[in-house]
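Hi everyone, thanks for making time this morning. I'd like to walk you through one model, so please have the picture up while I talk.

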Amino acid sequence: MHGRQKGWSVLWPALGLGAFAALRMVRRRAEYADKVVLISGGSRGLGLVMARQFAEQGARLALSARNARELERAGNELRARGATVSTHVCDVTDRTDVMRMVQEVRQRHGRVDVLCNVAGIITVGPQESMTLADYDDAMNVHFWGPLYTMLAVVDEMKRRGSGLIINISSIGGKLSVPHMVPYSASKFALVGLSEGMRAELARSGIHVLTVCPGLMRTGSADHAYFKGRNRAEYTWFSLSAGMPLLTMSAERAAAQILKAARQRRTEVVLSLPALVGARMANLFPDVTGRAMALTNRFLPTADGEGRRRFTGRESHGTVTPSLLTRLNDQAAARNNEL
């Protein structure tokens, strides 16, 4: 009898922990049950991975992107998983198009509870190869696009007294990286926009989360643009984006983003290297500036190359793709990047 009581005394805590874990999973699923989540840039990469995880928690999804075929593939995949999904072709740099798209979402789903600004563009190359058009493109996608989508949904969120906006910036919005100046400048602008909106919208019950990921394995290198010695630029970029210790998987990044949203965090920097880089830039700007200047010395020079912009797919070399980029190549296959 004494032995049986001892067995139950060991078993009860385990049963309690199991019940607690099950209850926590149910609560997490209920977090977004029947919520309408609009994701710009939701057809591939991080946007698609976030859509999968929102769907697992019961959300209804509205995905927007410029490429109709990518959207169709993403929508079909999510529907096969049992999700309720609508897809909307939209150029977020065009305010009229954004207003039309948001109206379509309302007609289909009735409202927008969560807005995720994920759409992005990356142009890699030395400063002398960049043109004003490269800066315009980056600002249009990373600053004006999120501003247009936020302005399109905040009034209805204010009327309800609730809403969640997630703006995906970058470590490049905290620490300007050589050979990515248009990208970094526009991501800095998005951080400022997101922080200001957070302060002003909080009293209306709208929470704004700013996300600054470090290097992520999304598989998006082939969709980036490269200038100057484009094959050399693609090589260092794609190798860096696939290093196991320096990078984070898109799935883990999405999980941390949703966790930060549940916890009502104001900002999250994803990955330890990115967090260290952001802290260094804040605390030791002179040291960080010299380190970035030194890094630039090891990156490819323009060497008289023109200012033409090449896609990543046009910039493959002897090293890339290869075993060294395997993790990123696998992510591309998973996340509709091919």
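**Helix pairs, cores and a few loops**

Let's start with a pair of helices: α2 passes α3 in a right-handed crossing. Before I go on, please keep in mind that this is a predicted model. The α2 helix covers residues 45–56 and α3 covers residues 68–80, and their axes come within 11 Å and cross at roughly 20°. An angle under 35 degrees counts as roughly parallel, so α2 is roughly parallel to α3. If you want to find the contact on your screen, look for Leu48, Ala51 and Arg52 on the α2 side, and Ala74, Glu77 and Leu78 on the α3 side.

Now compare that with a second pair, α4 and α5. Helix α4 is residues 95–109, and it packs against α5 at an angle of about 40°, with the axes 9 Å apart. That makes α4 oblique to α5. The handedness of this crossing is right-handed. From α4, the residues taking part are Arg95, Val98, Met99, Val102 and Arg106, and they meet Tyr148, Thr149, Leu151, Ala152, Val153 and Glu156 of α5.

Next, the interior. In soluble globular proteins, nonpolar side chains tend to be buried together. Which residues touch the most other members of the largest nonpolar core here? They are Phe54, Leu61 and Ile166, in a core of 38 residues. Apart from that one lies another core, of 26 residues, including Met101, Leu147, Tyr148 and Val208. You may recall Tyr148 from a moment ago, as one of the α5 residues that meet α4.

Let me stay with Leu61 briefly. If we leave aside neighbours within four places in sequence, Leu61 is in contact with Val37, Ala51, Phe54, Ala55, Leu78, Ala83, Thr84, Val85, Ser86 and His109. Two of those names should sound familiar: Ala51 and Leu78 also belong to the contact between α2 and α3.

On to helix α6, residues 181–201. How far apart are its end C-alpha atoms? They are 30 Å apart, and that agrees with the expected span, because 21 residues at 1.5 Å a residue should also give 30 Å. Many of you will want to know what is hidden along this helix. The buried residues are Pro182, Tyr183, Ser184, Ser186, Lys187, Leu190, Val191, Leu193, Ser194, Met197, Arg198 and Leu201. Among the elements that cover them are α5 (132–160), β6 (163–168), β7 (206–213) and β11 (267–270).

I'll finish with three loop residues. His179 sits in the loop between β6 and α6. Its phi is near 70°, a positive value in a residue other than glycine. Is His179 buried or exposed? With a relative accessible area of 5%, His179 is buried.

Arg264 also has a positive phi, near 55°, and is again a residue other than glycine. You'll find Arg264 in the loop between α8 (250–262) and β11. At 44% relative accessible area, Arg264 is partly exposed.

Last comes Gly219, in the loop between β8 (216–217) and β9 (225–226). Its relative accessible area is 7%, so Gly219 is buried. Leaving out neighbours within four places in sequence, Gly219 is in contact with Asn328, Ala331, Ala332 and Glu337. Gly219 and Ala333 are 114 residues apart in sequence, yet their C-alpha atoms are 7.6 Å apart in space.

Thanks for listening, and I'm happy to go back to any of these views.

Conventions:
Residues are numbered from 1 along each chain as its sequence is written. This is a predicted model: local features need pLDDT of at least 70, side-chain atom pairs count only at pLDDT 80 or more; totals for chains, interfaces and linings use all residues. Side-chain values use heavy atoms; hydrogens and water are left out. A nonpolar core is a set of buried Ala, Val, Leu, Ile, Met, Phe, Trp, Tyr and Cys residues joined through side-chain atoms within 4.5 Å. Buried means under 20% relative accessible area, exposed over 50%, partly exposed in between (1.4 Å probe, protein chains only). Contact means heavy atoms within 4.5 Å. Helices (H or I, at least four residues) and strands (E, at least two) are DSSP runs, numbered from the N terminus. The expected span of a helix is 1.5 Å times one less than its number of residues. Axes are lines fitted to C-alpha atoms, for helices over the stretch in contact, and angles run from 0 to 180 degrees between N-to-C directions. Angles under 35 degrees count as roughly parallel, over 145 as roughly antiparallel, 65 to 115 as roughly perpendicular and the rest as oblique. A crossing is left-handed if the near helix is turned anticlockwise from the far one by less than a right angle, and right-handed if clockwise.
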